[in-house]
Structures are given as structure tokens and as C-alpha cells.
Amino acid sequence: MNDKILIYVKSLFKDAPRTQRISEIEEELLSNLNDKYNDLVASGKSEADAYETVVASVGNIDSLIAEEDNFVEDYKKKQKEKKLIGTFSSSFWLLTTIVYFLVSFLFSSWEYSWIIFVIAAALNSVFVSIITKKVQVGSIIWLSAVVLYLILSFTTEKWEITWLVFLAAAALQQILRLVKLWRE
């Protein structure tokens, strides 16, 4: 009769996604049902009655499978998103490097063209926020830092001091992370 229980449990999970978690749930359910069946038979119930009681006790597992299926879909979506971000970032930095060399060679402005990388870093974080459809506080902080740095540097021409804007931005970002962790 344990084979019959095995077939029943397999039929419950036949359309479920093949994940480790589903396999664990399936094995646990099978073990519990076999234990319950053996207990019922040992207490004097017939094999047929014990089987019917065990099967009736299972109930509906569709919500459990659907929950796992949603997890799998979310995981696949996040993996696809990571690939897209990786592809975008690689292309973006290659393009940034090409622009840097073009500007530097064409305008002989090596002393200022490094700013392209600072701007590119801020833009990259904004683009990643757009791809993920999540506004990230870090993106806003770094974009603001770059804008503030450029404004301060070009207006005051104190390049040796204005870079401290980036230290302040890093500190602000860490403080906000700590506040978020503390709230959770």
C-alpha cells in the first residue's frame, strides 16, 4: 500500500516546478503519510480504510505549489535582470572609455577629460535604476554628488578641495543604509 501512497503523492506534484524545495516538501509529505498509514494499520484499521483516511487528510496543496512557482518566476526574472544589467554595464563602460579617448585626443584635454568617468559612474547608476525600475537612494546621492562637484569645481576652480564632495556622499550613503537597517 505504501507504493499506492507514493503514486498518489507523485500525482499531486506532477505539475509542480522541479525545485529542491518542492522535492523536499514532496519527500516530507510522503514520509508523513506513510507514517500515518502505518500507525492507522497498527491501530487496527484495514489497509483500505487507512489509505482512504491518509489520502483524505492531505487537502489541497495547490497554494503551496503556486507559492513556490511564484518564487521560481521571481528568481528567473531577477536573473534576467542581472544579465541585462551586466550586458548594459559592460557596453556602457566600453563606450565611456571610447568617448574618453576621443575627447582627450581630439581636444588635447587630458587634464579635464577624466571627468567623463565621474559623470559616467553617476549615469550608470541612474540607468541601472531605470532598468530595475527601482529608485535607488544611492543613485540619487551619487548623481547629486557629481553635479555638485562639477558646479563647485568649475565655479571655484578649487579642484584640490571639491573632491571632498565624494567623501561626503559616501558617508551620507552609509548613514542612510544604517538608518534603514536600524528601522528593519
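In the predicted model, the axes of helix 7 (residues 137-156) and helix 9 (residues 164-183) come within 9 Å and cross at roughly 160°, where axes are lines fitted to C-alpha atoms, for helices over the stretch in contact, and angles run from 0 to 180 degrees between N-to-C directions. That angle makes helix 7 roughly antiparallel to helix 9, since angles over 145 degrees count as roughly antiparallel, under 35 as roughly parallel, 65 to 115 as roughly perpendicular and the rest as oblique. The crossing of helix 7 past helix 9 is right-handed. Helix 7 contributes residues including Trp-142, Val-146 and Tyr-149 to the contact, and helix 9 contributes residues including Phe-166, Leu-172 and Gln-173, contact meaning heavy atoms within 4.5 Å. By class, this contact of helix 7 with helix 9 comprises 14 nonpolar, two polar and no charged residues.

The model is a prediction in which local features need pLDDT of at least 70 and side-chain atom pairs count only at pLDDT 80 or more, while totals for chains, interfaces and linings use all residues. Residues are numbered from 1 along each chain as its sequence is written, and side-chain values use heavy atoms, with hydrogens and water left out.

Helix 7 also packs with helix 6 (residues 115-132), their axes coming within 8 Å and crossing at roughly 155°. Helix 6 is therefore roughly antiparallel to helix 7, and passes helix 7 in a left-handed crossing. Among the residues that meet are Ile-115, Ala-122 and Ser-129 in helix 6 and Trp-142, Leu-150 and Phe-154 in helix 7; the contact has ten nonpolar, three polar and no charged residues.

Towards the N terminus, the axes of helix 1 and helix 2 come within 10 Å and cross at roughly 145°, in a right-handed crossing. Ile-5, Val-9 and Lys-10 are among the residues of helix 1 in this contact, and Glu-26, Leu-33 and Tyr-37 are among those of helix 2; the residues divide into eight nonpolar, three polar and two charged.

The largest nonpolar core has 18 residues, of which Ile-5, Val-9, Phe-13 and Leu-33 have the most contacts inside it; such a core is a set of buried Ala, Val, Leu, Ile, Met, Phe, Trp, Tyr and Cys residues joined through side-chain atoms within 4.5 Å, buried meaning under 20% relative accessible area with a 1.4 Å probe and protein chains only. Helix 1 (2-12), helix 2 (20-42) and helix 3 (47-56) each give two or more residues to this core, and helix 2 gives the most, with seven residues. Leu-33 touches Ile-5, Val-9, Val-54, Ser-57 and Val-58, not counting residues up to four places away in sequence. A second, separate core of ten residues includes Ile-115, Ala-122, Tyr-149 and Leu-150.

Technical notes
Helix = DSSP H or I, 4+ residues; strand = E, 2+ residues; numbered from the N terminus. Left-handed = near helix turned anticlockwise from the far one by under 90°. Nonpolar A, V, L, I, M, F, W, Y, C, P; charged D, E, K, R; others polar. Buried < 20%, exposed > 50% of the residue type's maximum accessible area, 1.4 Å probe, protein only.
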